[in-house]
Amino acid sequence: MLLGPCVVLFYIIPCVVIGHFQALDGKKVAVTGFMFPVEMDDECHVKRFFLVKNVSLCCFGRTPKMNEWIDVTMAGGQTVEAVMDIPIIVSGALKVGEIVERGRVISIYTMSAVDVRQGDV
């Protein structure tokens with residue numbers, strides 16, 4: 001199902017950013033997954049969240065591996081309602097590469113999202 005200029009699937013080889021994912025760096029993509037909110041405003045609207053491939057990685061199962069989530073920030077100060085148990089489609093610019101804080105890699109996929117809507121997995 002093509003949702004935009006490109007669709008990224010969450011079938012990523014563990015611990016590796018493989019070539020065709022690196023080629024998506026800076027591209028506009030649409031990704032389907034589940035929301036795990038990590039930053040909210042005073043009205044409990046989500047400003048930043050992890051997008052994971054299934055609910056068990058979101059809330060109920062093991063901690064996801066670094067290549068099993070996208071760290072999503074809503075573009076332009078936008079917010080979105082929290083929907084943790086419903087699949088969503090997130091569209092925006094994908095960044096592929098290590099994000100390092102205090103000498104540690106904390107993420108390898110980030111996105112500046114311009115649209116979040118309900119989707120199918």
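These are my notebook entries on one predicted protein model.

**Entry 1: the overall layout**

I began with the secondary structure and found two helices and six strands. Reading from the N terminus, I wrote down the order β-α-β-β-α-β-β-β. Next I looked up burial: 40% of the 121 residues count as buried. The accessible surface comes to about 7000 Å², and carbon and sulfur atoms hold 56% of it. I also checked how far apart in sequence the contacting residues are. Among contacts with a separation of 6 or more, 60% are between residues 24 or more positions apart.

**Entry 2: the nonpolar core**

I then turned to the largest nonpolar core, which has 21 residues. Which of them touch the most other members? I noted F49, L51, I70, V72, V90 and M111. The elements that give two or more residues to this core are β2 (28-40), β3 (46-52), β4 (69-74), β5 (88-101) and β6 (104-118). Strand β6 provides the largest share, with five residues. As background, I jotted down that nonpolar side chains tend to be buried together in soluble globular proteins.

I picked F49 for a closer look. Leaving out residues up to four places away in sequence, F49 touches M35, F36, P37 and V38. The same list for F49 goes on with I70, D71, V72 and M74, then V80, I88, V90 and V116.

**Entry 3: how the strands pair**

I went through the pairings one by one.

- Strands β3 and β4 run antiparallel and are joined by five bridges; here R48 stands opposite T73 in β4.
- Strands β4 and β6 pair in the parallel sense over four bridges, and D71 has T110 in β6 as its bridge partner.
- Strands β5 and β6 pair in the antiparallel sense over 12 bridges, with A113 in β6 as the bridge partner of G92.

So β4 pairs with β3 and also with β6. I wanted to know how many residues of β4 are buried. Five of its six residues are, so β4 is largely enclosed by the rest of the structure.

**Entry 4: the aromatic pair**

I searched the whole structure for aromatic pairs and came back with one. The partners are F50 and W69, with ring centres 5.3 Å apart and 35° between the planes, which makes the pair tilted. It links distant parts of the chain, as F50 sits in strand β3 and W69 in strand β4, 19 residues apart.

Are the two partners buried or exposed? For F50 I have 22% relative accessibility, so it counts as partly exposed. That value falls between the limits of 20% and 50% that bound the partly exposed class. W69, at 11%, counts as buried.

**Entry 5: E68 and its surroundings**

Next I moved to E68, in the loop between α2 (55-60) and β4. This glutamate is buried, with a relative accessible area of 9%. What does its side chain meet? A polar atom of the E68 side chain lies 2.8 Å from the backbone nitrogen of K65.

I also looked up K53, which is found in the loop between β3 and α2. K53 and E68 are 15 residues apart in sequence, and their C-alpha atoms are 6.9 Å apart in space. Unlike the buried E68, K53 is partly exposed, with a relative accessible area of 29%.

**Entry 6: positive phi outside glycine**

Last, I checked the backbone for positive phi values in residues other than glycine, and noted C44 and R102.

C44 has a phi of about 65° and lies in the loop between β2 and β3. At 51% relative accessibility, C44 counts as exposed; the class starts over 50%.

Where is R102? It lies in the loop between β5 and β6. These two strands form a hairpin with two residues between them, and R102 in the turn has a positive phi of about 50°. R102 counts as exposed at 83% relative accessibility.

**Entry 7: what I take with me**

My short summary for the next session: β6 gives the core its largest share, β4 has five of its six residues buried, and F50 and W69 form the tilted pair.

Terms used
Residues are numbered from 1 along each chain as its sequence is written. This is a predicted model: local features need pLDDT of at least 70, side-chain atom pairs count only at pLDDT 80 or more; totals for chains, interfaces and linings use all residues. Side-chain values use heavy atoms; hydrogens and water are left out. Buried means under 20% relative accessible area, exposed over 50%, partly exposed in between (1.4 Å probe, protein chains only). Contact means heavy atoms within 4.5 Å. Accessible areas come from the Shrake-Rupley method with a 1.4 Å probe; for residues, only the protein chains shown count as cover. A nonpolar core is a set of buried Ala, Val, Leu, Ile, Met, Phe, Trp, Tyr and Cys residues joined through side-chain atoms within 4.5 Å. Rings of Phe, Tyr and Trp (its six-membered ring) pair if their centres lie within 6.5 Å; planes under 30 degrees apart count as stacked, over 60 as edge-to-face and the rest as tilted. A polar contact is a pair of N or O atoms within 3.5 Å; within protein, one must be able to donate a hydrogen and the other to accept it, and residues adjacent in sequence count only if both atoms are side-chain atoms. Two strands pair if DSSP finds at least two bridges between them.
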